[in-house]
Amino acid sequence: MLEVFELQCCIQNYLWGKKGFASEVSRLSLAGQHIDFIDEKQLYAELWMGALHKNPSLVKSSGQKLSDWIKSNNEVLGEKSRLQFGDQLPFLMKILSINSALSIQVHPSKDYAEELHKQYPEIYQDSNHKPEMAIALSNFEALCGFRPYSEIKFFLEEIPEFQMIVGYDLIDQFKKDTTNSQHLLKDIFYKLMTSEKEIISQSLNSHKKKLQSLCDDKKNVFLAKLFNQLDCWFPNDVGCFCIYFLNYIQLSPGQAIYLGANEPHAYIYGGQISLIFKFIIIKCLIICI
C-alpha cells in the first residue's frame, strides 16, 4: 500500500548561492516549510532531498531519518533496486540556486571511487561513481568535458600566454603528434593547473588586456564576456583559462547534457533553481529557473 508523507529537508548555504528572496531555494524552502523565514543576508545554494548520511531528510511527522524509514519499509525501493543497491535510496535530489561559478570537479569511475572510499573513508564517504545528466528548464551555462582537439589546438596557437605557462615545446608537440594527443593534453592541462600563481596572474592580466582591444567578432571567438565574468568572480584564478580547454555549454529549456566518469565540469550560472537527481549509478540534473 502506498504511503505518502512530508519530508523535512536540509539547506546548504554555499558561497555560490543566491542571497535571500533572490534564491529560488529559499522561496521553495519557505513554501515547503523547510525553513520558518528567509534571511536576506543569507546565501541559499542547495536544498537536499534524500537519504544521504550527510544531512538526510526527515519524516516530518515523526522526525525519523528517511534512511531509517526506508530500512523498515524496504519494499518501497523495488526488487531490482534492492538487488543492486541494498536497502538504500539510490539517488539524491537537489534544488540549486546558482549565482556564480562552482569549482571545476570530476567524478571518479566506479573502481576508483571504491579505492578512494577504502583509503580515505572520512573524505570519500561514498564508494559509488556519480555520472550526471542535466536537463535544463531554463537558460543554463556550464563547462563540460574537454573540447575537440582542433579547438584546443586553435586556442593554444592563438593565445601566446599559454606558451609562457605551458612551454612552447609541449604545445608544439601537441599540435604535431595527433596520435598521442590525449596523453599530451593531460600533460598540458596538468602544467596549466599546477603553475605558479604569479605566472598565472601575469598571464591572465596580459590576456585580459588583449581581449579589450579586439573587435566584437574576435571577442566572441575568444569568449571575452565569459572570461571577464569569471575573472570578476575569481581574480587571478587559473580556472579562467579553462574555458579554452573545456566545452562551454549554454542550455535552453528542454536541452540536456550527460557527464560520465572522469569528465571535468563546472556549473557557471543557473539563474534561480536547479533540480539534481543524484543517483548512485546515474546522476540526473534538471535545471528549472
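Here are some exercises with worked solutions on a predicted model.

**Exercise 1. Salt bridges, and who sits where**

Task: Find how many salt bridges the whole structure holds, then work through the pairs Arg82 with Asp87, Lys110 with Glu114 and Glu161 with Lys210.

Solution:

Step 1. Start with the total: a search over the whole structure turns up 10 salt bridges. Side chains of opposite charge can pair when their charged atoms come close.

Step 2. Take Arg82 and Asp87. Their side chains form a salt bridge with an N to O distance of 3.1 Å, and that passes the cut-off of within 4 Å. Now check the accessibility of each partner. Arg82 has a relative accessible area of 35%, so call Arg82 partly exposed. Asp87 comes in at 29%, which is partly exposed too.

Step 3. Move on to Lys110 and Glu114. The closest N and O atoms of this salt bridge are 3.4 Å apart. Look at the secondary structure next: both residues belong to helix α4, and they are four residues apart, about one turn of the helix. Lys110 is partly exposed at 27% relative accessibility, and Glu114 is partly exposed at 37%.

Step 4. Finish with Glu161 and Lys210, whose closest N and O atoms are 2.9 Å apart. This pair ties together distant parts of the chain: Glu161 is in helix α6 (residues 161-166) and Lys210 is in helix α9 (residues 197-212), 49 residues apart. Glu161 has just 4% relative accessibility, so Glu161 counts as buried, whereas Lys210 is partly exposed with 37%.

**Exercise 2. A serine with company**

Task: Say where Ser23 lies, whether Ser23 is buried or exposed, and what its side chain and its neighbours do.

Solution:

Step 1. Place the residue: Ser23 is in the loop between β3 (18-19) and α1 (24-31).

Step 2. Check the accessibility. Ser23 has a relative accessible area of 0%; buried means under 20%, so Ser23 is buried.

Step 3. Look at the side chain. One of its polar atoms lies 3.1 Å from the backbone nitrogen of Val25.

Step 4. List the contacts. Leaving out residues up to four places away in sequence, Ser23 touches Lys18, Tyr44 and Ser97.

**Exercise 3. Close in space, far in sequence**

Task: Locate Ile98, give its burial class, and compare its sequence separation from Tyr267 with the C-alpha distance.

Solution:

Step 1. Ile98 lies in the loop between β7 (91-96) and α4.

Step 2. With 0% relative accessibility, Ile98 is classed as buried.

Step 3. Ile98 and Tyr267 are 169 residues apart along the sequence, while their C-alpha atoms are 8.1 Å apart in space.

**Exercise 4. Positive phi without glycine**

Task: Take Asn55 and Leu223, and work out what their phi values are and which loops hold them.

Solution:

Step 1. Set the baseline: most residues other than glycine have a negative phi.

Step 2. Asn55 goes against that, with a positive phi of about 55°. Its place is in the loop between β5 (46-50) and β6 (58-59), and Asn55 is partly exposed with a relative accessible area of 32%.

Step 3. Leu223 also has a positive phi, near 50°. Leu223 is in the loop between α10 (216-221) and α11. With a relative accessible area of 16%, Leu223 is buried.

**Exercise 5. The annotated insertion and one of its residues**

Task: Describe residues 174-246, the span that UniProt annotates, then place Asp231.

Solution:

Step 1. Read the record. An unreviewed UniProt entry puts "domain: Phosphomannose isomerase type I helical insertion" at residues 174-246.

Step 2. Turn to the coordinates. The span is 66% helix and 1% strand, and its end C-alpha atoms lie 16 Å apart.

Step 3. Zoom in on Asp231, which is in helix α11 (residues 224-233). At 9% relative accessibility, Asp231 is buried. Not counting residues up to four places away in sequence, Asp231 touches Lys208, Asn236 and Cys240.

**Exercise 6. A nonpolar patch**

Task: Which residues make the nonpolar surface patch of about 310 Å², and where does Tyr120 sit?

Solution:

Step 1. The patch is made by Tyr120, Ile123 and Tyr124.

Step 2. Tyr120 is in the loop between α4 (110-119) and β8 (132-136). Tyr120 has a relative accessible area of 37%, so Tyr120 is partly exposed.

Note on methods: Residues numbered from 1 in each chain as written. Predicted model: local features only at pLDDT ≥ 70, side-chain atom pairs only at ≥ 80, totals over all residues. Heavy atoms only, no water. Helix = DSSP H or I, 4+ residues; strand = E, 2+ residues; numbered from the N terminus. Buried < 20%, exposed > 50% of the residue type's maximum accessible area, 1.4 Å probe, protein only. Contact = heavy atoms within 4.5 Å. Polar contact = N/O pair within 3.5 Å; in protein donor to acceptor, adjacent residues only side chain to side chain. Patch = residues over 30% accessible without salt bridge, like charges linked within 9 Å, V, L, I, M, F, W, Y side chains within 5 Å. Areas by Shrake-Rupley, 256 points an atom, 1.4 Å probe, with all protein chains shown as cover. UniProt positions renumbered as here; feature names shortened; annotations may be inferred.
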